[in-house]
Structures are given as structure tokens and as C-alpha cells.
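User: Hi! Could you walk me through the charged pairs in this model and tell me how each label is earned?

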Amino acid sequence: MAAAVDELDTKLENLHVGDAPEKPIGSRAGVRNPDTYNIFQWNQKQLTLAGPSSSEHNLSMKRIENIVRTIHGETPSTGLGICVMQEVNAGGGGEAALNLVVDKLNEKPWHTERGNVFDTQCSGVVNPMVVRNQEKFGIIWNKRLFGELHATEEFAGFRLLTEGLDPVDGKRVSIEEKDYIVQVGKASINLNRARDIWKQIRTEGKTNEMVPQFDRMPVLFSFTPPGFEKDLHLLVCHSSIKEHQNIVETVFLQEICAQAAAQGEYVILLGDFNVDEADVNRLWDPIEELNETNEELDHGLDETALLSDTKANFLLHYYRAVNKAHPTNTYPFMSGLTAEPAHNDDIWLPKMTDPFHMDAPSGNRQPGKVVRIPKEILEQWDKTTQTYFDAIGGLHAEKKKVSRNKLNGLLARSWSDHRPLIVSLKKS
């Protein structure tokens, strides 16, 4: 554990922040836009609202209060713009939890006085291929700032991107098609290269643990904010924890975003990319090099040859908005001999400054941030752990075993097992 902390200190000391735009373009002189467009990324832990008769009901209610407290604590004067969440339980309890969060946000005076009205939408199930732990992605947004979600007869406020080597249930273009085109706003995205890389690694590389689809399908939410001439798109992800599966999913995400940005579409890429969990930071970091050959794959595929163009094009148009050295898990508030900091979640912003820009603060920091765990939540966790220790204290010595998963779960179920991330944007 000490080694992990030392490693984090080294990363902090050697941090480079050279991939952000050198000088964001602000509002014209004499023009003042008072609105701040705060955008949260927050992976939950199977978010749900348990029924009144459930033993988990009170804890789930407390969790909802803590979610509202955290959002309010980060935006006390400006108010929430958007919050996207992964791991919203696919049962009715997940959407019920989000609806209750919205109800509580709409009760805040600093919302209603400024005319803020909040709404929420859940995607479809993003992992229909599994039976257990099905999840949806959720979005909460400020309708005054962002208007209505784009909705069509086919896409009811969200769009499941089912693309992959073999699209889910044939909902998208067949892999036999000559050109694999996806539309994002007015941009036409050609995914031929992404599909070919996926095929090379999975089929020709014989990487058997890979599947021909995303483990969890990305979701696209789109708005035309009032007073804006351009659309805002949010591409929300929860990437695989398996390295090779994560690599091919990343290629798809980077191709979509880079091509969209090159054609003038403003797409924010955000989610839990499992960067440290799958050990794939080299795909995202401008300094860390790709492997010439990935010996672990044991089939001689050259990452540099396969992935360099996609990575370079993506980093040409995008920058990481939060500090990579800061953990996005709940470390150091984790129980376990092997607990260590991990940065898995991110927000990636286009370098273009139309229609939004973000002013970087002074010093060696990124303009966005990983949110600290509020002290009230930590105090609650400490109290509940004491209750847990009281419960096992009277057990016979042979049965007096502390469950580290149980202790970590007490924090996750009353808040989350991930820290939220936030960026604050201004209209250009």
C-alpha cells in the first residue's frame, strides 16, 4: 500500500498537463454570460430505490439524499447542468431512484428562483446479453440550460450505440456491408478501421475471451441548448475490465469522437473507461507509448501499427479534463490489504471552443476535477462501520472475521464506489 502511495506522489510531481488547449477562447469583450454549464460524470454501484418493505429501503433513501447533497455541495451557486450515471439498476428501482433525486433537486430554492427545472431519462439496457446485473445509463439535466433531449420515433431521448464487430441483434449495419457508417448529428462516422482492428485482434489474434459486441453499449444523449446554434452530444460509456476487449471498445469510441470533432460536432466523451482496471492507459496518454508487440496477447499483433493512427487522431481533437493522478475510486477510504488508488473514470473534452470553452485554473492542474468525498458521508460511513464492528464483537473468536467487502459496501451503498467528476463549461 505504501508503494502505491509513493507511486501516486511520483505521478503528481511529474504530472504533465500539455494536452489541454493552450488558450481557450472566452466570451467577447463586453459580453457577459452568467450561466455555468456544470457537467458531472458519476458511476454508481447498482443504484436502486428499494421498496418500503425491504431491509435496504432506509439505506437506499439515505443514498439518494447523499447524492443530492453531493451535487448541491459542488454547485451551490451555479446549479447542476447535467449529471450522467452508469450502473443504474435495470429494474424499476433504478429509474425510481433517479426520479426521486430529480424531485429533491427541484425542491432546492436556488433552482426554482432561477427558473431551473430538472428532468431525467434512462437509456435502454446496455448489457442485454447478460442475465444478472443488467444496467442502464441515466442522465439528469437542467432544462433551462439544455432544453429537451433529442428524441425521434427510433431514439426516445437516447441512442444505444450497438456497433461492434457484430452488432447486437442486427440492429445496425451488418459486418458484411462495405462501409460501416454511423451518424452523430451531421457527422458521418466511418467505422471500417475500428471494425477491422476488432476483427484482427479477436479473430486473427485468436483472443478467445473477447466478444463481438461492447460489454456494455455506449449511449448517446443529444441536446440543442437554448440560444445555441450547435448541438451538444454526450457519449456515455462503461468499458470492459478485460484488457483486449477494452482495447477494441476504446478504438471504436476514439474513432467516433475524433471523426465527429473533425466534422464540427461537439461530443463530450465521459464514463468509466476502466483505464487502470484493464491496464490500458497507454491508449489514452499522450506520453505513454503503445506496445510494439503485446507479449501478453501471445500472437504478435503490433499495437503501434494497429492503434497509433486512431490514438493520434483522437488526441489531436481531445484532451482529458481531470487530473490522471487523482484516483476516481474511493481510495484511501477503502478496506483491504491490496487496496490501491485507481483512475478509471474520465471526462474527455473536444479542443474546439465552439459552442463551449473551459477556462483552465492557474497552476499545474486540469480544469475539471475529481470530487472529494463529502465529510458528512465519511462520518456516516464511520458510524455504520462502528455498528458493524459492534455486531461482530460478541461473536466467538473463530467467527469474528471482518469482511472488507462488507465494509467497502457500506460506503458504496450509501453513496457510491466511485467519486464523481465535474467540469464547468462556459458558452463561447
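Analyst: Happy to! This is a predicted model, and searching the whole structure turns up 13 salt bridges.

User: Why is the contact between glutamate 65 and lysine 62 called a salt bridge?

Analyst: Their side chains meet at 3.6 Å, N to O. The cut-off is within 4 Å, so the pair qualifies as a salt bridge. The two residues are 3 apart in helix α2 (residues 57-74), which means about one helical turn separates them.

User: What makes glutamate 65 and lysine 62 buried, exposed or partly exposed?

Analyst: Glutamate 65 has a relative accessible area of 33%, and lysine 62 also has 33%. Partly exposed covers the range between 20% and 50%, so both residues are partly exposed.

User: How do you know that lysine 369 and glutamate 74 form a salt bridge?

Analyst: Their closest N and O atoms are 2.9 Å apart, and the limit is within 4 Å, so the label applies. This pair links distant parts of the chain, with lysine 369 in strand β14 (residues 369-370) and glutamate 74 in helix α2, 295 residues apart.

User: And why is arginine 282 called buried or exposed?

Analyst: Arginine 282 has a relative accessible area of 5%. Buried means under 20%, so arginine 282 is buried. Its salt-bridge partner is glutamate 243, at 2.7 Å, N to O. Glutamate 243 lies in helix α7 (residues 243-262) and arginine 282 in the loop between β10 (266-272) and α8 (303-317), so the pair ties together parts 39 residues apart in sequence. Glutamate 243, at 14%, is buried too.

Notes: Residues are numbered from 1 along each chain as its sequence is written. This is a predicted model: local features need pLDDT of at least 70, side-chain atom pairs count only at pLDDT 80 or more; totals for chains, interfaces and linings use all residues. Side-chain values use heavy atoms; hydrogens and water are left out. Helices (H or I, at least four residues) and strands (E, at least two) are DSSP runs, numbered from the N terminus. Buried means under 20% relative accessible area, exposed over 50%, partly exposed in between (1.4 Å probe, protein chains only).
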